[in-house]
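I opened my notebook beside the viewer today and wrote down what I looked up, one stop at a time. Follow along at your own pace.

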Amino acid sequence: MNTWLTALAAALALVAVNAGAANAGPTDAQIAHIVVTANQIDIDAGKLAQSHGHSQEVRDFGQRMVTDHSGVNKSAEALVTKLHVTPAPNDTSKSLQKGGDENLAKLKKLSGPAFDKAYIDHEVAYHQAVLDAMDQTLIPNAQNAELKALLVKVRPAFVAHLDHAKELQASLDKTSLDKTSG
């Protein structure tokens with residue numbers, strides 16, 4: 001298993017473990033930091049895809065990730081400002097950041113179709129893991145109604161991103177197969 005995926009799985013497992021500790025899940029301040037960190041990781045990867053992507057579809061997908069996840073972060077930042085909540089760094093957000101940094105380092109070493117495949121494979125795994133964390137931990141543990149509503153509101157965008165990434169993954173896999181069999 002790739003190191004970034006291992007780090008992501010470990011970070012999201014921390015969310016679940018922390019949720020089980022004394023029946024207390026992450027606090028709203030911790031959830032806010034996890035959300036902002038997770039979005040920033042995808043923004044950074046999307047920017048790299050815009051500049052390093054081999055295919056136009058991958059560059060366009062990277063642009064979409066930058067635009068959409070920047071919008072989510074702006075909404076989250078506006079909400080925490082309104083609520084006078086300071087996002088609290090925590091083991092989960094730190095682990096997510098570490099995994100995101102490792103992924104970027106790995107991607108920066110790649111080019112051409114290898115970059116496209118690694119980036120899109122990451123996007124599929126990442127969006128699925130984030131959706132699982134939203135459904136199992138973040139949304140159920142959000143205490144503030146507005147924070148919970150924001151998470152519920154942005155969830156369909158994450159589903160759409162996952163679906164789009166899976167379509168691109170299948171297309172890249174097919175292109176790769178066509179080249180090896182032709």
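**Entry 1: a polar pair.** I started with two side chains, those of Asp173 and Lys117, which are joined by a polar contact of 3.5 Å. I should say at once that I am reading a predicted model. Along the chain, Asp173 and Lys117 are 56 residues apart, yet their C-alpha atoms are separated by 8.0 Å. I placed Asp173 in helix 6, which covers residues 145–181. Is Asp173 buried, partly exposed or exposed? Its relative accessibility is 31%, and buried would need a value under 20% while exposed would need one over 50%, so Asp173 counts as partly exposed.

**Entry 2: stepping back.** Next I wanted the overall plan. I found 6 helices and 0 strands in the protein. Read from the N terminus on, the elements go α-α-α-α-α-α. How much of the protein is buried? I noted 43% of its 182 residues as buried. I also checked the contacts between residues at least 6 apart in sequence: 80% of these join residues at least 24 apart.

**Entry 3: helix 2 against helix 3.** A reminder to myself before the numbers: two packed helices are described by the angle between their axes and the distance between the axes. Helix 2 spans residues 28–52 and helix 3 spans residues 56–83. They pack at an angle of about 155°, and their axes are 8 Å apart. Angles over 145 degrees count as roughly antiparallel, so helix 2 and helix 3 are roughly antiparallel to each other. I logged the crossing of helix 2 with helix 3 as left-handed. Sorted by class, their contact holds 11 nonpolar, 9 polar and 4 charged residues.

**Entry 4: helix 4 against helix 5.** I then did the same for helix 4, residues 91–108, and helix 5. Here the packing angle is about 160°, with the axes 10 Å apart. That angle makes helix 4 roughly antiparallel to helix 5. Which hand does the crossing of helix 4 and helix 5 have? I wrote down right-handed. From helix 4, the contact is made by Asn103, Lys106 and Leu107. From helix 5 it is made by Phe115, Ala118, Tyr119 and His122. By class, I listed 4 nonpolar, 2 polar and 1 charged residues in this contact of helix 4 with helix 5.

**Entry 5: His127.** I stayed on helix 5, which runs over residues 112–141 and contains His127. The relative accessible area of His127 is 0%, and the limit for buried is under 20%, so I marked His127 as buried. What does the side chain of His127 meet? One partner is the side chain of His69, in a polar contact of 3.3 Å. The His127 side chain also reaches the backbone oxygen of Glu123, at 2.9 Å. Leaving aside residues up to four places away in sequence, I listed what His127 touches: Asp42, Met65, His69, Phe158, His161 and Leu162.

**Entry 6: His84.** My last stop was in the loop between helix 3 and helix 4, where His84 is found. I noticed its backbone: His84 has a positive phi of about 55°, although it is not a glycine. Is His84 buried or exposed? Its relative accessibility is 73%, and the cut-off for exposed is over 50%, so His84 counts as exposed. I put the two histidines side by side on the page: His127 is buried, whereas His84 is exposed.

Conventions
Residues are numbered from 1 along each chain as its sequence is written. This is a predicted model: local features need pLDDT of at least 70, side-chain atom pairs count only at pLDDT 80 or more; totals for chains, interfaces and linings use all residues. Side-chain values use heavy atoms; hydrogens and water are left out. Axes are lines fitted to C-alpha atoms, for helices over the stretch in contact, and angles run from 0 to 180 degrees between N-to-C directions. Helices (H or I, at least four residues) and strands (E, at least two) are DSSP runs, numbered from the N terminus. Angles under 35 degrees count as roughly parallel, over 145 as roughly antiparallel, 65 to 115 as roughly perpendicular and the rest as oblique. A crossing is left-handed if the near helix is turned anticlockwise from the far one by less than a right angle, and right-handed if clockwise. Ala, Val, Leu, Ile, Met, Phe, Trp, Tyr, Cys and Pro count as nonpolar, Asp, Glu, Lys and Arg as charged, and the others, Gly among them, as polar. Buried means under 20% relative accessible area, exposed over 50%, partly exposed in between (1.4 Å probe, protein chains only). A polar contact is a pair of N or O atoms within 3.5 Å; within protein, one must be able to donate a hydrogen and the other to accept it, and residues adjacent in sequence count only if both atoms are side-chain atoms. Contact means heavy atoms within 4.5 Å.
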